[in-house]
Amino acid sequence: MRNNKVDVIVVGAGPAGSMSAGVLARAGVKVLLLEEHKEVGSPCHCAGLVSPRTLTLADVVGQELALRSFSRARVWGPRGSVAWLESDRIQAVAIDRAALDRMLALRAEESGAHLWLGVRAESFERVRGGLQITAVNGKGREKLRTSLVIGADGVHSKVARWFDGRDQGELLPAMKLDVCFDDASTNEIEIFVGNTIAPGWFGWVIPLGNGQARLGLGARGGGLRRRFRTFLELVRDRFGRFEMLEQRGWLIPVRPSKHIAFDHALLVGDAARQAKPSSGGGIYMGMRAGVLAAEAALEALEVGNVGYQTLHRYEQAWLQEEGEELRYNHWLRSIYNRMNDAEIDHLVALCDRPWARTLIRRLGDVDFASRLFKPLHKALETIAPRLLTKLSDRLHSEGSASMEDEFSTLQLDPQSIFKGRLM
Ligand SMILES: Cc1cc2nc3c(=O)[nH]c(=O)nc-3n(C[C@H](O)[C@H](O)[C@H](O)COP(=O)(O)OP(=O)(O)OC[C@H]3O[C@@H](n4cnc5c(N)ncnc54)[C@H](O)[C@@H]3O)c2cc1C
């Protein structure tokens, strides 16, 4: 690297950042990938459950990274209902998440990107023709020049704060724990829903085989540690005793950012809060965003204009590809947040009916919830009209003002959900 100057600096070597760095490096762009930790992929805050589509996007060969594959999951309602979500295909793969991160970063490096480990992007200033970023490591600080920065620095993104101080968004706290069961009585993904156990989110058990499993729970409204302890007791009662291995808490961004492109800067992945608001799945979304951002950056560098005028193509491409799905996910979450335990339990029971199981089997897709929920909703108009009317009335009674903020980031008109039907 000459004079500490590169075309693009990518901050953060998670899946989103390494995807961007790889695409750029392969196109011959000079890229520097900064990672504040000494090792890529560690510490890991994630449950590491992805769709087969994610592994294809990552160009993963065969069973590399895969620990277990699943084509079904069981959902436990708050008042005793249980539904099996079964698919004709493999829907989810539990992977070695740290190994995915390492693989993507290594690929970017092999393509020509410089990877600096143990180096944190600290501050920035605008200079003629670009940006100067101050990076710190154990020994001191270094000034780096670049035309463009891609902020892939996760949920606490500094880059997002540099360029968009206004947009704080909603972050949902979650905890995960790796365990080893003495003798687990389940071999499937188990999901627990309801306001008593996990208001606004859910708890999960992902068995990996050999007794190992990943447990986790997210919830709105505080008291997460207490809720997590209660959840662990429930898991112990239902599936057997386990030894606790590693526990971590982290945040899931559940409201996508309004602004993800700026003069000389782009945001990707959790830094842009691109995880799905209904499930928190952010690996696939972050990797796709990483590719789209790199493509927009390539175009901008080629025409010699890395201002918002050219970079906003990334925003457009992102909204075109994922906007509709994110809006739908966000809408689903808004409805779910307004349901009481009796309604949630009723919905779980409905999902176990033969007609619903057929829809789920054929249309379920962990990356695209709308493919299943839109037809499911249509069917509920006939099968459970009272439940839908109740939810619709609740949305109406809240008034659109309280939802304006909730929907504004997705350019979704709150009025549109007050027009008679739920969708
Ligand atoms: C409990 C939990 C479970 C989850 N489970 C799943 C799941 O099963 N499936 C799924 O798809 N998603 C899951 N997610 C979401 C998923 O983990 C994230 O969406 C994903 O990691 C986002 O990738 P990213 O590259 O944007 O950011 P990250 O993976 O967070 O990577 C950001 C990187 O930037 C580095 N960094 C930060 N600041 C700086 C700086 N200033 N300078 C240099 N480097 C910096 C960090 O060290 C980190 O390596 C889960 C999240 C949580 C909290």
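Seven elements each supply at least two residues of the shell around the ligand: α1 (15-26), β2 (31-35), β3 (49-50), β9 (120-127), β12 (171-181), β16 (242-253) and α6 (283-303). The model is predicted. Around the ligand there are 38 residues. Gly12, Gly14, Gly154, Gly269 and Gly282 come nearest. By residue class, the shell divides into 18 nonpolar, 13 polar and 7 charged.

Now place that shell within the chain. The domain assignment gives domain 1 (5-46 + 97-169 + 257-329), domain 2 (171-253) and domain 3 (333-418). Domain 1 is thus written as three segments, 5-46, 97-169 and 257-329. Which domains supply at least three residues each to the shell around the ligand? Domain 1 and domain 2 both do.

How do these two domains sit relative to each other? Their C-alpha centres, domain 1 to domain 2, lie 31 Å apart. The contact between them involves 8 residues of domain 1 and 8 residues of domain 2. On the domain 1 side, the touching residues divide into 3 nonpolar, 3 polar and 2 charged.

Turn next to α1, one of the elements that supply the shell. How many of the 12 residues of α1 are buried? The count is 11, so the helix is mostly covered, where buried means 20 or more other C-beta atoms within 10 Å of a residue's own. The buried residues are Pro15, Ala16, Gly17, Ser18, Met19, Ser20, Ala21, Gly22, Val23, Leu24 and Ala25. The cover over them includes β1 (5-11), β2, α3 (97-110), β11 (140-151) and α6. Of these, β2 and α6 also supply residues of the ligand shell.

The length of α1 can be checked. At 1.5 Å a residue, its 12 residues should span 16 Å, because the expected span is 1.5 Å times one less than the number of residues. The end C-alpha atoms of α1 are 16 Å apart, which agrees. After α1 comes Gly28, with a positive phi near 90 degrees.

The helix α3 is part of the cover over α1. In α3, the buried residues are Arg97, Leu100, Asp101, Met103, Leu104, Ala105 and Ala108. Their cover includes α1, β2, β7 (92-95) and β8 (114-117). The same check on length works here. The 14 residues of α3 should span 20 Å at 1.5 Å a residue, and the end C-alpha atoms are 20 Å apart, which agrees. Just after α3, Gly112 takes a positive phi of about 120 degrees.

Terms used. Residues numbered from 1 in each chain as written. Predicted model: local features only at pLDDT ≥ 70, side-chain atom pairs only at ≥ 80, totals over all residues. Near = placed C-beta within 6 Å. Helix = DSSP H or I, 4+ residues; strand = E, 2+ residues; numbered from the N terminus. Nonpolar A, V, L, I, M, F, W, Y, C, P; charged D, E, K, R; others polar. Domains from an automatic or database assignment. Contact = placed C-beta atoms within 7 Å.
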